[in-house]
Amino acid sequence: MKRIIRKVAVLGSGIMGSRIACHFANIGLNVLLLDILPEELTDGEKSKGLTLDDREVRNRIVRNAFQSAIKSNPAPLFHKSFASRVTPGNFRDDLPEVRDCDWIMEVVVENLEIKKKLYAEVEKYRRDNTLITTNTSGIPIHMLSEGRSENFIKNFCGTHFFNPPRYLRLMEIIPTVDTGEDVVSFLMEYGSLYLGKKTIICKDTPAFIANRIGIYAILKVIDSMKKLDLDIDEIDKLTGTAIGRPKSATFRTSDVVGLDTLIHVAGNLYAMLKDDEQREIFKLPGVVHELEKRKWLGEKTGQGFYKKVKDKKGNSEILTLDLKTFEYKPGKKVKFASLGAARGLETLREKFPVLFAGKDKAAMFYRDSFYGLFQYMTFRIPEIADELYKIDEAICAGFGWEMGPFETWDVLGVRKTVEEMENMGYKPAPWVYDMLDKKITRFYSVREGAQYYYDISSGAYLKIPGMEGFIILDTLREEKVIWKNSGASVFDLGDGILNIEFHSKMNTLGSEVIEGINHGISLAETEFQGVVIGNQGQHFSAGANLGVLFMYAIEQEYEEIEQIVRQFQDTMMRARYSGVPVVVATHGLTLGGGCELTLHADEVQALAETYIGLVEAGIGVIPAGGGTKEMARRISMDYEEGDIELNALQNTFLNIATGKVATSAREAFDMRILRQKDHITLQRDRLISDAKMAALRLAESGYIMPDPEEKIRVPGQTGMALFLAGIHGMLMANYITEHDARIARKIAHVICGGDLSYPMEVKKEYLLELEREAFLSLLTERKTLERIEAILQGKKPLRN
């Protein structure tokens, strides 16, 4: 049957329920969010004379939970206005409304009887063939649907989201033997295409795939930590960004999620995994139970493995728990020789062999924790998954790892690592030896632009399914790169479309990347139809290469800097005024120069999780790659005489002067960074493919280059006077420093058109020259150089 989802009911408004409701609202759906009735009045309700029969009281639990969710950080909504798509209610009064819903998702407390009672009530009102799913992570799915009608059972399935649902990309789909195949197929496609998830079909085993492997990995880290006498600061240094995992690493993540969650999941696994050869590792160590006894559960209780306090000067300070004394101490600077050896390497493929080869405690920790994990996951096939790629996909999408464990093992060398594992007592499952006996020495292989995995049952490589609609640049790298240098590569995506990829550190825009952009566009103009500028790194681009600018500024090589800025501007104009359509595919951090490149594209295909803005003011300069000019042009295009124009200009000025960053692609529309003709992609793996289709559409519809002689209307001194008055007021009230005020005046000077006496139209070259002059003048200031140096040393974030 054909399914169309217009309205969703989410039953349960706790931390997960409210945030799942928000994510459904993110994609444009109306959501009914229900929870239980309160059992007694609050003092505030009593003072108002309310009773338990008043609607305000009856919806208090769901209302408070939802309000807490939308105020939380990170934000669960792409845009605050999307909250209006969620209607709160309660099970007693509003459950009949599920008859109007196309998908009913249960997210109540992990109690089998409570869930089954709720399902019995739901079945009174649910329409036949309406999807009914559960977000449980601790109860066997087949037990939940027992006793329900045939139609209920056929349309029932597990859909396990990870917290926070907006940001973690995994949705595990757990059918029962009675779930309809059409239901599973629908959820796989809908979860990927509309919810932006990596959808993985899982077996109905304890904790499914991601939590089974991920929780083991966490507990194995703690086990290795104890063996090697490492502390919390050291472990979080070793298990964070150094190995491609979230910055919160192990113990900060526990504090954010809540130690009680780890205790609950690990406890359930220990109880259920009677035959697991590593069962004892799920038995939590005494220090964890001591923390539970003291109610030091993390952020929710004010302290856990870390504690935030105020020092004598009133500044916030993070203290670290000493697990031997249970006292909090200032965090220490962690240094290991192995980390130092890997610091200059760009990719995990380069880093991992170095990290594992060392002789210090860090390398010993990596070997012990990873080899234990490698052993464990080999014995989980076919118990939790028949295909090894599912383990990698689940752990990466559910826990935020950049590289899955089987992929990591490939990088280290399978045969060599097996020998080392044997020496350390971590002998893998027999199928690994069978694979090596067949002279197959890798778990993954790339052939003809497609990725294959080793299939255990057939003993051969099979193509990873479900990738047909995706473009994965790594699988094209051997055969489809037609030009490259150290900072950029140009791919032939087929159908006359090229892709320009950056691969510098943080994808910063240095001279090699600038060369790549220019060369790629020139190639496209002579032999192809269009260009996509996109990559599949963690971020699109963190902006200009500050290290080069800082070096030249210290040496007072201002002519060199002026040439760099001019070349950057010329490249942005090359992107805007090319003979073929240029589509920029943004994702993650898209800051400074990365934002300016985006502003000059014919169209933007933005991942929903795009964090974009002109942040140059934060380092003490102004956007000088055409960014300030382009924002003035966009105001000019929407020009209306009088206050409306100045209000729009003022909002844009404030965005630039404060270095404001949109926290989603949706917010970028409000800031005029994205325009009505730009588009959003929910699923990261689809981004390059969607951008290619946009470039093809523009090319095939008869692309015409924008007019390079287009004029830009600026307000001149009329607008400048308004901005100067505001800047002076902020300075006098001590909201900004004198240096901040100078930056703001430079931004106003450019965006208003310099020293023009009255509003008039100017050429883009005029504003670009003003940008260069302002940028160079600010780069000579000591305060600016101090800011840049602090950013380069990691003492100050790039974003304000």
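## Salt bridges, charged patches and helices in a predicted model

Glutamate 56 and lysine 48 form a salt bridge in which the closest N and O atoms are 3.3 Å apart, the term salt bridge standing for a side-chain nitrogen of Lys or Arg within 4 Å of a carboxyl oxygen of Asp or Glu. This is a predicted model, in which local features need pLDDT of at least 70 and side-chain atom pairs count only at pLDDT 80 or more, while totals for chains, interfaces and linings use all residues. Residues are numbered from 1 along each chain as its sequence is written, and side-chain values use heavy atoms, with hydrogens and water left out.

Glutamate 56 is partly exposed at a relative accessible area of 36%, whereas lysine 48 is exposed at 58%; buried means under 20% relative accessible area, exposed over 50%, and partly exposed in between, with a 1.4 Å probe and protein chains only. The areas themselves come from the Shrake-Rupley method with a 1.4 Å probe, and for residues only the protein chains shown count as cover.

By the salt-bridge rule the count comes to 56 salt bridges. One of them joins the side chains of aspartate 182 and arginine 3 at 3.8 Å, N to O. Aspartate 182 lies in helix α9 and arginine 3 in the segment before β1 (7–11), so the pair ties together parts that are 179 residues apart in sequence. Helices (H or I, at least four residues) and strands (E, at least two) are DSSP runs numbered from the N terminus. The table sets out three of the pairs with the accessibility of each partner.

| Pair | N to O distance | Relative accessibility |
|---|---|---|
| Glutamate 56 and lysine 48 | 3.3 Å | 36% and 58% |
| Aspartate 182 and arginine 3 | 3.8 Å | 34% and 13% |
| Arginine 380 and glutamate 383 | 2.8 Å | 3% and 32% |

In the last pair, arginine 380 is buried and glutamate 383 is partly exposed. Beyond such pairs, Arg576, Lys629, Glu630, Arg633, Arg634 and Glu710 are linked in a network of salt bridges.

Charged surface patches come next, made of residues with over 30% relative accessible area and no salt bridge, like charges being joined within 9 Å. Lys and Arg count as positive and Asp and Glu as negative, with His and the chain ends not counted. A negative patch is formed by Glu555, Glu557, Glu559 and Glu560; glutamate 555 sits in the loop between α24 (546–554) and α25 (558–576) and is exposed, with a relative accessible area of 54%. A positive patch is formed by Lys237, Lys333, Lys335 and Arg343, in which lysine 333 belongs to the loop between β11 (327–330) and α15 (337–342) and counts as exposed at 75% relative accessibility.

Turning to the helices, α10 (residues 210–228) has 19 residues and reaches 27 Å from its first C-alpha to its last, close to the 27 Å expected at 1.5 Å a residue, the expected span being 1.5 Å times one less than the number of residues. Helix α10 is mostly covered, with 15 of its 19 residues buried, and just after α10 aspartate 229 takes a positive phi of about 55°.

Isoleucine 20 in helix α1 (residues 15–26) counts as buried at 1% relative accessibility, and its C-alpha atom is separated by 41 Å from that of lysine 427, 407 residues apart along the chain. Leucine 187 in helix α9 (residues 181–193) counts as buried at 0%, and leucine 187 and leucine 649, 462 residues apart in sequence, are 45 Å apart in space, C-alpha to C-alpha.

How values were computed:
Patches are made of residues with over 30% relative accessible area and no salt bridge: like charges are joined within 9 Å, nonpolar side chains (Val, Leu, Ile, Met, Phe, Trp, Tyr) within 5 Å. The place of a charge is taken as NZ of Lys, CZ of Arg, CG of Asp or CD of Glu.
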